[in-house]
Amino acid sequence: MAEDSGQEKSLPASERRIQQAREEGQVARSRELVTAMIALASVGALWWGGADMLDQGKTVVREGMRFSAPTVFDPQQMASRLADYLVHGGLALLPLFIAVVVAAVLGSVAIGGWNFSSKGFMPQFDRLSPLAGFKRMFSINGAQELLKAIFKSILLGGLGGWLIWRHRDGLVNLLTQDSRDSLTSFADMALFDFMLLVGGLVLIAALDVPFQMWNYMQQLRMSPDEARREMKETEGDPYLKARIRSQQREIARRRMMEAVPKADVVVTNPSHYAVALRYSDNGVAPKVVAKGTELIAQKIRELAAANDVPVVEAPPLARALYFHTELEQDIPPQLYTAVAQVLAYVYQLKTWRQWGGVMPVEPMALEVPVGMDVKGDRQ
């Protein structure tokens, strides 16, 4: 049921392991439960409908024994009569057959549930190996099945022997009774004894069901290596996941850097932080298109210088924008005033570069709400 490994299978089966076993057609089953339920169904069917079945059976036998000489020498009529009696006999026993089939199905799915797997129909050639057969015979499971068979034989054999001894006088008296009375007495005796034997089967099933469920989970137990391998298959290899995250960060960083030349202004710390802003007439507020610290901040400043994007040194504002904004999101309303001053300077600078005149003065004392220039809940 599971791959052998050198390690002890000390870990319980995971949900994925159980699901894989079900997909392979391996579920908890108890043959003793199926046997007990079939026996119970048979007793119930005979108890409730045995008299009717017996009457119908007598009718079939009685009618079958009545025939005329011409009928005997007519094979076609004999075959037709035989077919009719077989049908009537089958209909008489039909409730018993239905009860047995239903009990067999319910007993099969009682503890493992309904499970259909095409893998159960696939040939398993390893079972043809004599060596594998000897291993199964002398395995722990084989010893468990042997002990169970011995216990079942002792219990049912002892119970059957006790019943025979109990009815020894009644069995002898059957020989002296009328055939009809003898048949009725024997039926009552057999039904009572059968019910006691079924009780023994129910006891065996009551012991076997929890054992089979426990044994099934024991066979699915996992070693630490199997658990780690399953975790990798389920959650992914941590090294591969780290590499994917690194590539995703690199793609996001590249996309962010491509947005810097299109920014309206870059606000810096001046060296530790850099945040690029872009404002559109269709937008409510400026958006953050790039941000970073240290080396990334330096790269943003270099791209801004290479593409004539204005760079404004405003340490409190740069820190506030870095800590309280996300990429491609509007700046928070608390920073509208400070950013508006920066953008006003940028537009004045563009006008001066195009038309000349008085060079605008870079804003120096930009007011930032208290506490926004430090790390908060958002990063």
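In this predicted model, a network of salt bridges links Glu32, Lys148, Lys152 and Asp208, and a search of the whole structure returns eight salt bridges. Within the network, the side chains of Lys148 and Glu32 meet with a nitrogen-to-oxygen distance of 4.0 Å, and this pair links distant parts of the chain, since Lys148 belongs to helix α6 (residues 140-166) and Glu32 to helix α2, with their positions 116 residues apart in the sequence. Glu32 also forms a salt bridge with Lys152, for which the closest N and O atoms are 3.1 Å apart; here again the partners, Lys152 in helix α6 and Glu32 in helix α2, come from distant parts of the chain and are 120 residues apart. A further salt bridge of the network joins Asp208 to Lys148, with the closest N and O atoms 3.1 Å apart. Because Asp208 lies in helix α8 and Lys148 in helix α6, this contact ties together parts that are 60 residues apart in sequence.

The members of the network can also be described by their accessibility. Glu32 has a relative accessible area of 6% and is therefore buried, and Asp208, at 4%, likewise counts as buried. Lys148 has a relative accessibility of 15%, which places it among buried residues, since the class comprises values under 20%. Lys152, in contrast, counts as partly exposed because its relative accessibility is 25%.

Helices α2 and α8 also take part in a pocket. The second largest pocket has a volume of about 440 Å³, and of the 14 residues that line this pocket, Leu46, Gly50, Ala51, Leu54 and Ala187 are the closest to its centre. The elements that contribute two or more residues to the lining are α2 (31-64) and α8 (179-219). By character, the lining residues of this second largest pocket divide into ten nonpolar, two polar and two charged.

On the surface, a nonpolar patch of about 710 Å² is made by Val87, Leu91, Leu93, Leu94, Phe97, Ile98, Val102 and Leu106. One of these residues, Ile98, lies in helix α4, which spans residues 75-109. With a relative accessible area of 48%, Ile98 is classed as partly exposed, because the exposed class is reserved for values over 50%.

Several features of the model concern loops. Lys262 is located in the loop between α10 (238-259) and β1 (265-268), and its relative accessible area of 62% makes it an exposed residue. Although Lys262 and Asn307 are 45 residues apart along the chain, their C-alpha atoms are separated by 8.5 Å. Asp308, found in the loop that runs between α11 (294-306) and β4 (311-313), has a positive phi of about 55° although this residue is not a glycine; at 60% relative accessibility, Asp308 counts as exposed. A positive phi, near 60°, is also found at Glu328, again a residue other than glycine. Glu328 is placed in the loop between α12 (315-323) and α13 (336-355), and its relative accessibility of 45% means that it counts as partly exposed.

Conventions
Residues numbered from 1 in each chain as written. Predicted model: local features only at pLDDT ≥ 70, side-chain atom pairs only at ≥ 80, totals over all residues. Heavy atoms only, no water. Patch = residues over 30% accessible without salt bridge, like charges linked within 9 Å, V, L, I, M, F, W, Y side chains within 5 Å. Areas by Shrake-Rupley, 256 points an atom, 1.4 Å probe, with all protein chains shown as cover. Helix = DSSP H or I, 4+ residues; strand = E, 2+ residues; numbered from the N terminus. Buried < 20%, exposed > 50% of the residue type's maximum accessible area, 1.4 Å probe, protein only. 1 Å grid on protein atoms, 1.4 Å probe; cavity = no way out; pocket = protein on both sides within 12 Å on 5 of 7 lines; lining within 4 Å. Points joined across faces, edges and corners; volume = space filled by probe spheres on them. Nonpolar A, V, L, I, M, F, W, Y, C, P; charged D, E, K, R; others polar.
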